[in-house]
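Open the model in a viewer and keep the sequence panel visible. The stops below say what to select next and what is there.

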Amino acid sequence: CKKPVQCDNQTSGTRVVVVLGSGGASFIQRRTTDADRQPSTMTYTAEQVATLMNTIVAQSQPQSVSQTAPVLDPIDAKIKAETDTKVAEKMAIYQQKVEQIAFINATFQVILEETLGTAAAELIVKMLDKSRISNNDFHRFIGAYTLPGIKDDLHKRNLIRVVSAIYRLKVKDLSDAQKSSLRSIVKYSTACPHCGTIAYQLVQRLGIQGVTVR
């Protein structure tokens, strides 16, 4: 069922007759006559007029062309496929490193909490991770030795020394000489039956969780 809607243009003296139906809207423009100027028996709300005008404007716009991926010639397609494969391989490596760092940080924090408490353990792991992010500059980690409860405790200072050595072994790209030096720190710092006790326990706990001194 089609319903005509009329709109007068006072400037041009024309009338637009819009026919709404199931197929959309169509409009015809003609000169107005005296009969056209007679009051209409049909009225429309502002919302209906706005809807009508939006329909007319939408139908007057050019149809958009669907966007499709560019068609590559065989050589470019082969290059793209090879590059996509390499990118995927690199992404997998990066993702593996991110997961490894997250595992090490979480493991250190959980085990340090057993000896130092939650607040101190969290702070120490944050300092370690910040050192790693800062171009693996662990000089900033020296501040851990001056933390309350650690500064005047030889056992805990030795523990921090071992923590730093193991963490660097796990997250830094080191030469064989550097690895050997850090392993020596762990070995001799845990050998003393007096000041190396809790450091030794830390190494054992980390080993159980898969974080070994290698």
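Start by colouring the chain by pLDDT, the predictor's confidence in each residue, from 0 to 100. Among the elements of the protein chain, helix H3 (residues 118-133) has the highest mean pLDDT, 94, and strand S3 (residues 24-31) the lowest, 49. Helices (H or I, at least four residues) and strands (E, at least two) are DSSP runs, numbered from the N terminus.

This is a predicted model, in which local features need pLDDT of at least 70 and side-chain atom pairs count only at pLDDT 80 or more, while totals for chains, interfaces and linings use all residues. Residues are numbered from 1 along each chain as its sequence is written, and side-chain values use heavy atoms, with hydrogens and water left out.

Select residues 24-29. pLDDT stays under 50 over this stretch, for which the model has 20 contacts (heavy atoms within 4.5 Å) beyond four places in sequence. Where pLDDT is low, the predicted coordinates should not be read in detail.

Now show the whole chain as a cartoon. The mean pLDDT of the protein chain is 79, and 70% of its residues reach 70 or more. The protein chain has three strands and six helices, and its elements run β-β-β-α-α-α-α-α-α from the N terminus on. Of the 214 residues in the protein chain, 27% are buried (under 20% relative accessible area, with exposed over 50% and partly exposed in between; 1.4 Å probe, protein chains only). Among contacts in the protein chain with a separation of 6 or more, 48% are between residues 24 or more positions apart.

Next, select helix H2 (residues 74-116) together with H3. Their axes come within 8 Å and cross at roughly 150 degrees; axes are lines fitted to C-alpha atoms, for helices over the stretch in contact, and angles run from 0 to 180 degrees between N-to-C directions. The crossing of H2 and H3 is right-handed (the near helix is turned clockwise from the far one by less than a right angle; anticlockwise would be left-handed). On the H2 side, the contact is made by Ile101, Asn105, Phe108, Gln109, Leu112, Glu113 and Leu116. H3 contributes Thr118, Ala120, Ala121, Glu122, Ile124, Val125, Leu128, Asp129 and Arg132. By class, this contact of H2 with H3 has nine nonpolar residues (Ala, Val, Leu, Ile, Met, Phe, Trp, Tyr, Cys and Pro), four charged (Asp, Glu, Lys and Arg) and three polar (the others, Gly among them).

Stay on H2 and pick Lys97, which lies in this helix. Lys97 is partly exposed, at 48% relative accessibility. Its C-alpha is 9.0 Å from that of Val171, although Lys97 and Val171 are 74 residues apart in sequence.

Move to the loop between H3 and H4, where Asn135 is found. Phi of Asn135 is near 55 degrees, a positive value in a residue other than glycine, and Asn135 is exposed, with a relative accessible area of 73%. Asn136, in the loop between H3 and H4, has phi near 55 degrees, also positive in a non-glycine residue. Asn136 is partly exposed at 24% relative accessibility.

Finish with helix H4 (residues 154-171) and helix H5 (residues 176-189), whose axes come within 9 Å and cross at roughly 150 degrees. That makes H4 roughly antiparallel (over 145 degrees) to H5. H4 passes H5 in a left-handed crossing. Among the contact residues are Val162, Ala165 and Ile166 of H4 and Leu182, Ile185 and Val186 of H5. By class, the contact of H4 with H5 has seven nonpolar, two polar and four charged residues.

Technical notes:
Angles under 35 degrees count as roughly parallel, over 145 as roughly antiparallel, 65 to 115 as roughly perpendicular and the rest as oblique.
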